[in-house]
Amino acid sequence: TSQVRIVERKEKNDTSSWILQSIGLDGAEKSQGGDEYYIEYLEVLRPSKNDNGCVTAVAIVTDLHDGDYRLDFYRSVVIDGCPGPSVDRSANSQNQPLRGGQLVVYLEYTCGIGRMHPPSKKEWKSGGLTHV
């Protein structure tokens with residue numbers, strides 16, 4: 001996997017899901033699963049260079065085994081300095097409009113390589129993880 005694309009897919013019961021599509025080096029959609037992702041949504045509270053945002057949701061990623069992954073988001077635990085669900089997000093404390101959020105996708109490992117048993121990767125420094 002070298003790229004990802006997130007699309008909205010309509011389901012049979014008139015609901016929709018966010019789908020992460022994995023894309024290979026050749027630019028074509030991959031046809032098999034096996035990748036592992038960690039995905040978080042960061043809400044930017046104040047428009048400044050120092051505000052990296054608060055993680056307000058994380059995705060449960062389900063491998064559909066066809067190169068696609070369903071994303072189900074769940075609110076994360078409230079962290080000090082981050083607003084809870086009852087906070088008005090229409091403006092910050094200086095009455096300025098808020099910026100949007102940021103979706104961050106971490107590729108943990110690709111094609112199941114992180115699930116290999118330790119004897120087969122004894123000499124590897126990273127154990128197959130991409131961001132150790």
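These are my notebook entries on a predicted model of one protein chain.

**Overall make-up**

I began with the secondary structure and found 0 helices and 6 strands in the protein chain. Reading along the sequence, I wrote the pattern down as β-β-β-β-β-β. I then looked up burial: of the 132 residues in the chain, 28% are buried. For the accessible surface I noted about 8900 Å², with 51% of that area belonging to carbon and sulfur atoms. I also looked at contacts with a separation of 6 or more, and 49% of them come from residues 24 or more positions apart.

**Core**

Next I asked which residues make up the largest nonpolar core. It has 6 residues: Leu-20, Tyr-37, Ile-39, Ala-59, Tyr-69 and Leu-71. Strands β3 and β5 are the elements that give two or more residues to this core. I followed Ala-59 further and, leaving aside residues up to four places away in sequence, listed its contacts as Ile-39, Leu-71, Asp-72 and Phe-73. Two of these, Ile-39 and Leu-71, are core members as well.

**Aromatic pairs**

I searched the whole structure for aromatic pairs and got 3. One of them is formed by Tyr-37 and Tyr-69, in an edge-to-face arrangement, with 5.2 Å centre to centre and 75 degrees between the planes. I counted this pair as edge-to-face because the angle is over 60 degrees. The two residues are 32 apart in the chain, and the pair links distant parts of it: Tyr-37 lies in strand β3 (residues 36-43) and Tyr-69 in strand β5 (residues 68-75). I checked burial for both. Tyr-37 has a relative accessible area of 6%, so I entered it as buried. Tyr-69 is also entered as buried, because its relative accessibility is 1%.

**Tyr-109**

I located Tyr-109 in strand β6, which covers residues 101-109. Is Tyr-109 buried or exposed? Its relative accessibility is 10%, so it counts as buried. I also looked up its position relative to Asp-35: the two are 74 residues apart in sequence, yet their C-alpha atoms are 5.7 Å apart in space.

**Surface patch**

Last, I looked at the surface and noted a nonpolar patch of about 300 Å², made by Val-4, Ile-6, Trp-18 and Val-105. I picked Ile-6 from this patch and placed it in strand β1, residues 3-10. Why is Ile-6 entered as partly exposed? Its relative accessible area is 32%, and partly exposed runs between the 20% and 50% limits.

Key. Residues are numbered from 1 along each chain as its sequence is written. This is a predicted model: local features need pLDDT of at least 70, side-chain atom pairs count only at pLDDT 80 or more; totals for chains, interfaces and linings use all residues. Side-chain values use heavy atoms; hydrogens and water are left out. Patches are made of residues with over 30% relative accessible area and no salt bridge: like charges are joined within 9 Å, nonpolar side chains (Val, Leu, Ile, Met, Phe, Trp, Tyr) within 5 Å. Accessible areas come from the Shrake-Rupley method with a 1.4 Å probe; for residues, only the protein chains shown count as cover. A salt bridge is a side-chain nitrogen of Lys or Arg within 4 Å of a carboxyl oxygen of Asp or Glu. Helices (H or I, at least four residues) and strands (E, at least two) are DSSP runs, numbered from the N terminus. Buried means under 20% relative accessible area, exposed over 50%, partly exposed in between (1.4 Å probe, protein chains only). Rings of Phe, Tyr and Trp (its six-membered ring) pair if their centres lie within 6.5 Å; planes under 30 degrees apart count as stacked, over 60 as edge-to-face and the rest as tilted. A nonpolar core is a set of buried Ala, Val, Leu, Ile, Met, Phe, Trp, Tyr and Cys residues joined through side-chain atoms within 4.5 Å. Contact means heavy atoms within 4.5 Å.
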